[in-house]
Amino acid sequence: LNLLATARRAGRELRRRMPEFAGSRQMDLLAEKLVLEVLQEAGEFFVLTEESGAVMLGNEPEHIAVVDPVDGSYNAMRGVPFYALSIGFADYSPEARLLDVHTGYVLNLHTGDEFEAEAGRGARLNRRRIACRRTELERSCIVAYCTGSSLPRLEKLLSSAKRVRTFGSAALELCHLAKGDFQAFVDLRGYLRNVDVAASLRIVQEAGGSVSVDSVGLSRIERLSVLACCSGMEEELRRLLQP
Ligand code: IPD
Ligand code: CA
(Lines give C-alpha, C1' and ligand atoms only; values in the text may rest on other atoms or scores of the structure.)
(Ligands and ions follow the chains in the order given, each with its own letter.)
Protein backbone atom coordinates (compact mmCIF):
# COMPACT_ATOMS: atom_id res chain seq x y z
CA LEU A 1 0.00 0.00 0.00
CA ASN A 2 1.51 3.32 -1.07
CA LEU A 3 0.56 5.68 1.75
CA LEU A 4 1.57 8.91 0.04
CA ALA A 5 -0.26 7.94 -3.14
CA THR A 6 -3.37 7.30 -1.04
CA ALA A 7 -3.03 10.69 0.68
CA ARG A 8 -2.58 12.43 -2.69
CA ARG A 9 -5.71 10.75 -4.01
CA ALA A 10 -7.68 12.01 -1.00
CA GLY A 11 -6.17 15.44 -1.58
CA ARG A 12 -7.11 15.55 -5.23
CA GLU A 13 -10.70 14.54 -4.52
CA LEU A 14 -11.08 16.95 -1.62
CA ARG A 15 -9.59 19.90 -3.49
CA ARG A 16 -12.03 19.30 -6.34
CA ARG A 17 -15.01 19.34 -3.96
CA MET A 18 -13.77 22.13 -1.69
CA PRO A 19 -15.54 25.07 -3.39
CA GLU A 20 -18.84 23.26 -2.83
CA PHE A 21 -18.00 22.14 0.75
CA ALA A 22 -16.71 25.55 1.84
CA GLY A 23 -20.14 27.08 1.40
CA SER A 24 -21.72 24.58 3.78
CA ARG A 25 -22.02 24.63 7.58
CA GLN A 26 -21.11 20.96 7.33
CA MET A 27 -17.78 21.65 5.62
CA ASP A 28 -15.58 19.73 8.08
CA LEU A 29 -17.91 16.74 8.19
CA LEU A 30 -18.27 16.56 4.41
CA ALA A 31 -14.52 16.79 3.95
CA GLU A 32 -13.94 14.11 6.55
CA LYS A 33 -16.45 11.75 4.97
CA LEU A 34 -14.73 12.06 1.62
CA VAL A 35 -11.26 11.38 3.08
CA LEU A 36 -12.57 8.36 5.00
CA GLU A 37 -14.04 6.97 1.78
CA VAL A 38 -10.71 7.22 -0.02
CA LEU A 39 -8.88 5.57 2.90
CA GLN A 40 -11.45 2.78 3.12
CA GLU A 41 -11.06 2.04 -0.56
CA ALA A 42 -7.26 1.89 -0.22
CA GLY A 43 -6.92 -0.52 2.72
CA GLU A 44 -7.44 -1.12 6.43
CA PHE A 45 -6.70 1.76 8.79
CA PHE A 46 -7.22 2.86 12.32
CA VAL A 47 -8.14 6.50 11.69
CA LEU A 48 -7.94 9.32 14.19
CA THR A 49 -9.80 12.24 12.69
CA GLU A 50 -10.83 15.68 13.86
CA GLU A 51 -14.62 15.38 13.69
CA SER A 52 -15.33 11.71 14.48
CA GLY A 53 -12.34 10.83 16.66
CA ALA A 54 -11.29 7.16 16.43
CA VAL A 55 -12.65 5.21 13.46
CA MET A 56 -11.74 1.63 12.57
CA LEU A 57 -11.67 0.84 8.85
CA GLY A 58 -11.32 -2.94 8.57
CA ASN A 59 -10.49 -5.57 11.18
CA GLU A 60 -6.73 -5.77 11.25
CA PRO A 61 -5.28 -2.39 10.38
CA GLU A 62 -1.55 -2.19 9.70
CA HIS A 63 -1.55 1.61 9.68
CA ILE A 64 -2.82 4.56 11.66
CA ALA A 65 -4.02 7.55 9.61
CA VAL A 66 -4.17 10.81 11.58
CA VAL A 67 -6.46 13.13 9.66
CA ASP A 68 -7.38 16.77 9.82
CA PRO A 69 -9.68 17.17 6.80
CA VAL A 70 -9.54 20.97 6.91
CA ASP A 71 -6.94 22.60 9.13
CA GLY A 72 -7.79 26.27 9.14
CA SER A 73 -11.57 25.82 8.97
CA TYR A 74 -12.17 29.40 10.03
CA ASN A 75 -10.10 30.63 7.07
CA ALA A 76 -11.80 28.24 4.65
CA MET A 77 -15.29 29.32 5.63
CA ARG A 78 -14.44 32.99 5.22
CA GLY A 79 -12.53 32.70 1.97
CA VAL A 80 -9.13 33.40 3.51
CA PRO A 81 -6.88 31.30 1.23
CA PHE A 82 -4.85 29.45 3.87
CA TYR A 83 -6.25 26.04 4.86
CA ALA A 84 -5.11 22.48 4.34
CA LEU A 85 -5.77 18.79 4.39
CA SER A 86 -3.35 17.02 6.73
CA ILE A 87 -2.76 13.26 6.89
CA GLY A 88 -0.06 11.56 8.94
CA PHE A 89 0.62 7.82 8.96
CA ALA A 90 2.10 5.61 11.67
CA ASP A 91 2.42 1.85 12.05
CA TYR A 92 -0.61 0.54 13.87
CA SER A 93 -0.22 0.06 17.60
CA PRO A 94 -2.56 1.09 20.41
CA GLU A 95 0.53 2.58 22.08
CA ALA A 96 1.66 4.70 19.10
CA ARG A 97 2.70 8.28 19.99
CA LEU A 98 2.48 11.48 18.00
CA LEU A 99 6.14 11.45 16.97
CA ASP A 100 5.81 7.86 15.71
CA VAL A 101 4.11 9.32 12.64
CA HIS A 102 6.57 8.37 9.88
CA THR A 103 4.86 9.80 6.81
CA GLY A 104 3.24 13.20 6.47
CA TYR A 105 1.13 14.79 3.75
CA VAL A 106 -0.21 18.36 3.87
CA LEU A 107 -2.09 19.83 0.91
CA ASN A 108 -2.80 23.55 0.71
CA LEU A 109 -6.39 23.22 -0.47
CA HIS A 110 -6.35 26.67 -2.03
CA THR A 111 -3.07 26.67 -3.99
CA GLY A 112 -2.70 22.90 -4.49
CA ASP A 113 0.82 22.90 -2.97
CA GLU A 114 1.72 19.45 -1.63
CA PHE A 115 4.10 19.09 1.30
CA GLU A 116 5.29 15.55 2.00
CA ALA A 117 7.82 13.69 4.09
CA GLU A 118 8.82 10.18 4.96
CA ALA A 119 11.07 9.37 7.92
CA GLY A 120 14.70 9.41 6.85
CA ARG A 121 13.89 10.50 3.31
CA GLY A 122 13.66 14.27 3.60
CA ALA A 123 10.80 16.69 3.06
CA ARG A 124 9.40 17.91 -0.25
CA LEU A 125 7.16 20.61 -1.64
CA ASN A 126 5.61 19.59 -4.96
CA ARG A 127 8.21 16.75 -5.14
CA ARG A 128 11.24 19.05 -4.66
CA ARG A 129 13.39 18.93 -1.55
CA ILE A 130 12.86 21.64 1.06
CA ALA A 131 14.82 22.50 4.18
CA CYS A 132 14.54 24.74 7.21
CA ARG A 133 16.56 27.94 6.97
CA ARG A 134 18.13 29.14 10.16
CA THR A 135 18.81 32.82 10.80
CA GLU A 136 19.89 34.78 13.82
CA LEU A 137 16.95 35.36 16.09
CA GLU A 138 17.09 39.12 15.46
CA ARG A 139 16.47 38.44 11.77
CA SER A 140 13.92 35.66 12.20
CA CYS A 141 10.22 35.40 11.44
CA ILE A 142 8.31 33.51 14.11
CA VAL A 143 4.79 32.12 14.05
CA ALA A 144 3.20 32.40 17.48
CA TYR A 145 -0.18 31.64 18.99
CA CYS A 146 -1.06 32.94 22.39
CA THR A 147 -3.91 33.74 24.67
CA GLY A 148 -3.87 36.27 27.47
CA SER A 149 -2.50 33.78 29.96
CA SER A 150 0.36 32.50 27.75
CA LEU A 151 1.38 35.96 26.51
CA PRO A 152 3.70 36.89 29.39
CA ARG A 153 5.78 33.74 28.75
CA LEU A 154 6.19 34.70 25.10
CA GLU A 155 7.09 38.34 25.61
CA LYS A 156 10.89 38.05 25.50
CA LEU A 157 10.81 35.74 22.49
CA LEU A 158 8.39 37.90 20.52
CA SER A 159 10.36 41.05 21.13
CA SER A 160 13.62 39.33 20.03
CA ALA A 161 12.29 38.23 16.64
CA LYS A 162 12.23 40.53 13.65
CA ARG A 163 8.73 39.47 12.57
CA VAL A 164 5.83 37.68 14.23
CA ARG A 165 2.98 36.15 12.23
CA THR A 166 -0.22 34.10 12.82
CA PHE A 167 -2.08 32.68 9.80
CA GLY A 168 -4.61 30.26 11.30
CA SER A 169 -3.53 26.85 10.03
CA ALA A 170 -0.95 25.20 12.25
CA ALA A 171 -0.40 22.41 9.70
CA LEU A 172 0.48 24.84 6.92
CA GLU A 173 2.49 27.17 9.13
CA LEU A 174 4.68 24.26 10.18
CA CYS A 175 5.15 23.31 6.51
CA HIS A 176 6.34 26.84 5.76
CA LEU A 177 8.80 26.52 8.63
CA ALA A 178 10.03 23.35 6.89
CA LYS A 179 10.37 25.29 3.64
CA GLY A 180 12.52 27.98 5.25
CA ASP A 181 9.95 30.78 5.30
CA PHE A 182 9.74 30.98 9.10
CA GLN A 183 12.33 30.09 11.72
CA ALA A 184 10.06 28.95 14.55
CA PHE A 185 6.51 28.02 15.48
CA VAL A 186 5.40 28.36 19.06
CA ASP A 187 2.01 27.54 20.54
CA LEU A 188 1.98 27.20 24.31
CA ARG A 189 -1.81 27.36 24.72
CA GLY A 190 -2.08 23.59 25.13
CA TYR A 191 -4.91 23.88 22.66
CA LEU A 192 -3.61 22.39 19.39
CA ARG A 193 -4.76 18.84 18.72
CA ASN A 194 -2.66 15.84 17.72
CA VAL A 195 -4.62 15.70 14.43
CA ASP A 196 -3.70 19.33 13.58
CA VAL A 197 0.06 18.73 13.60
CA ALA A 198 0.73 14.97 13.17
CA ALA A 199 1.78 15.22 9.52
CA SER A 200 3.50 18.60 9.60
CA LEU A 201 5.71 17.77 12.60
CA ARG A 202 7.17 14.90 10.54
CA ILE A 203 7.65 17.31 7.62
CA VAL A 204 9.51 19.79 9.86
CA GLN A 205 11.78 17.06 11.23
CA GLU A 206 12.62 15.74 7.77
CA ALA A 207 13.45 19.29 6.68
CA GLY A 208 16.07 19.47 9.41
CA GLY A 209 13.96 21.14 12.06
CA SER A 210 13.57 20.31 15.69
CA VAL A 211 10.24 19.77 17.44
CA SER A 212 9.33 19.50 21.06
CA VAL A 213 5.80 18.59 22.06
CA ASP A 214 3.84 17.32 25.04
CA SER A 215 3.77 13.54 24.93
CA VAL A 216 0.42 12.56 23.43
CA GLY A 217 -0.83 9.37 21.81
CA LEU A 218 -2.80 8.64 18.64
CA SER A 219 -5.69 6.61 19.97
CA ARG A 220 -7.89 9.63 20.76
CA ILE A 221 -7.92 13.39 20.21
CA GLU A 222 -5.48 15.00 22.63
CA ARG A 223 -4.36 18.59 23.05
CA LEU A 224 -0.80 19.79 23.31
CA SER A 225 1.69 22.65 23.16
CA VAL A 226 4.26 22.79 20.36
CA LEU A 227 7.64 24.41 19.95
CA ALA A 228 9.21 23.78 16.54
CA CYS A 229 12.21 25.56 15.06
CA CYS A 230 15.29 25.29 12.89
CA SER A 231 17.88 23.00 14.45
CA GLY A 232 20.33 24.94 16.56
CA MET A 233 17.81 27.52 17.76
CA GLU A 234 16.11 25.36 20.42
CA GLU A 235 18.25 26.40 23.38
CA GLU A 236 18.04 30.09 22.72
CA LEU A 237 14.26 29.90 22.28
CA ARG A 238 13.79 27.83 25.39
CA ARG A 239 15.88 30.27 27.42
CA LEU A 240 13.70 33.16 26.25
CA LEU A 241 10.55 31.24 27.17
CA GLN A 242 11.65 30.84 30.80
CA PRO A 243 9.37 32.82 33.12
C1 IPD B 1 -7.04 25.15 14.00
C2 IPD B 1 -5.77 25.63 13.33
C3 IPD B 1 -5.23 26.86 14.01
C4 IPD B 1 -5.03 26.63 15.50
C5 IPD B 1 -6.29 26.10 16.16
C6 IPD B 1 -6.78 24.86 15.45
P7 IPD B 1 -8.97 23.81 12.72
O8 IPD B 1 -7.50 23.94 13.40
O9 IPD B 1 -4.77 24.65 13.34
O10 IPD B 1 -3.99 27.22 13.46
O11 IPD B 1 -4.68 27.83 16.12
O12 IPD B 1 -6.00 25.79 17.50
O13 IPD B 1 -7.97 24.44 16.08
O14 IPD B 1 -9.96 23.91 13.83
O15 IPD B 1 -9.09 24.89 11.73
O16 IPD B 1 -8.92 22.46 12.09
CA1 CA C 1 -7.27 21.38 12.77
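A residue is called buried when its relative accessible area is under 20%. This cut-off is applied below to a predicted model.

By that criterion D68 is buried, because its relative accessible area is 0%. D196 has a relative accessible area of 4% and is therefore buried as well. Both residues belong to the site of the calcium ion (ligand 2), where the protein donors are E50 (OE), D68 (OD), D71 (OD) and D196 (OD). These donors lie 2.0 to 2.7 Å from the ion. Along the sequence, the donor residues follow the spacing E-x17-D-x2-D-x124-D. Distant parts of the chain are linked by the pair D68 and D196, which are 128 residues apart. D68 is found in strand β3 (residues 63-71), whereas D196 is found in helix α6 (residues 194-206). The calcium ion (ligand 2) has six donor atoms, and the angles among them run from 60 to 171°. The geometry of the site is classed as irregular. For reference, the ideal angles at a metal with six octahedral donors are 90 or 180 degrees.

Strand β3, which carries D68, was examined next. Nine of the nine residues of β3 are buried, so the strand is largely enclosed by the rest of the structure. Strand β1 (residues 45-49) runs parallel to β3 and is joined to it by five bridges. Strand β4 (residues 84-91) pairs with β3 in the antiparallel sense, over seven bridges. I64 illustrates both pairings: its bridge partner in β1 is F46, and it stands opposite A90 in β4. F46 also has a bridge partner in β2, namely M56. The pairing of β1 with β2 is antiparallel and extends over five bridges.

These strands are part of an open sheet of eight strands, with the order β2-β1-β3-β4-β5-β6-β7-β8 and mixed pairing. The edges are occupied by β2 (53-57) and β8 (128-130); each has a single partner strand, so one side of each is left without a neighbour in the sheet. On average, neighbouring strands of this sheet are turned by 20° against each other, direction ignored. Helix α1 (residues 3-22) packs on the sheet and touches β1, β3, β4, β5 (103-108), β6 (114-118) and β7 (123-125). The direction of α1 makes about 20° with that of β5. Helix α6 also packs on the sheet, touching β1, β3, β4, β5, β6 and β7. The direction of α6 makes about 105° with that of β5.

A further open sheet is formed by five strands in the order β10-β9-β11-β13-β12, and its pairing is mixed. Its edge strands are β10 (163-165) and β12 (209-213), each of which pairs on one side only. Neighbouring strands in this five-stranded sheet are turned by 20° against each other on average, direction ignored. Strand β9 (residues 141-145) runs parallel to β10, and three bridges join the two. In this pairing, V143 has R165 of β10 as its bridge partner. Helix α5 (residues 170-178) lies across β9, β11 (184-193) and β13 (223-230). The helix runs at about 160° to β11.

Note on methods:
Residues numbered from 1 in each chain as written. Chains lettered and ligands numbered in written order. Predicted model: local features only at pLDDT ≥ 70, side-chain atom pairs only at ≥ 80, totals over all residues. Heavy atoms only, no water. Donors = N, O, S within 2.8 Å, 3.2 Å for Na, K, Ca; no water. Tetrahedral: all angles 85-135°; square planar, octahedral: opposite > 155°, others 65-115°. Helix = DSSP H or I, 4+ residues; strand = E, 2+ residues; numbered from the N terminus. Buried < 20%, exposed > 50% of the residue type's maximum accessible area, 1.4 Å probe, protein only. Pairing = 2+ DSSP bridges. Axes fitted to C-alpha atoms, helices over the stretch in contact; angles between N-to-C directions. Contact = heavy atoms within 4.5 Å.
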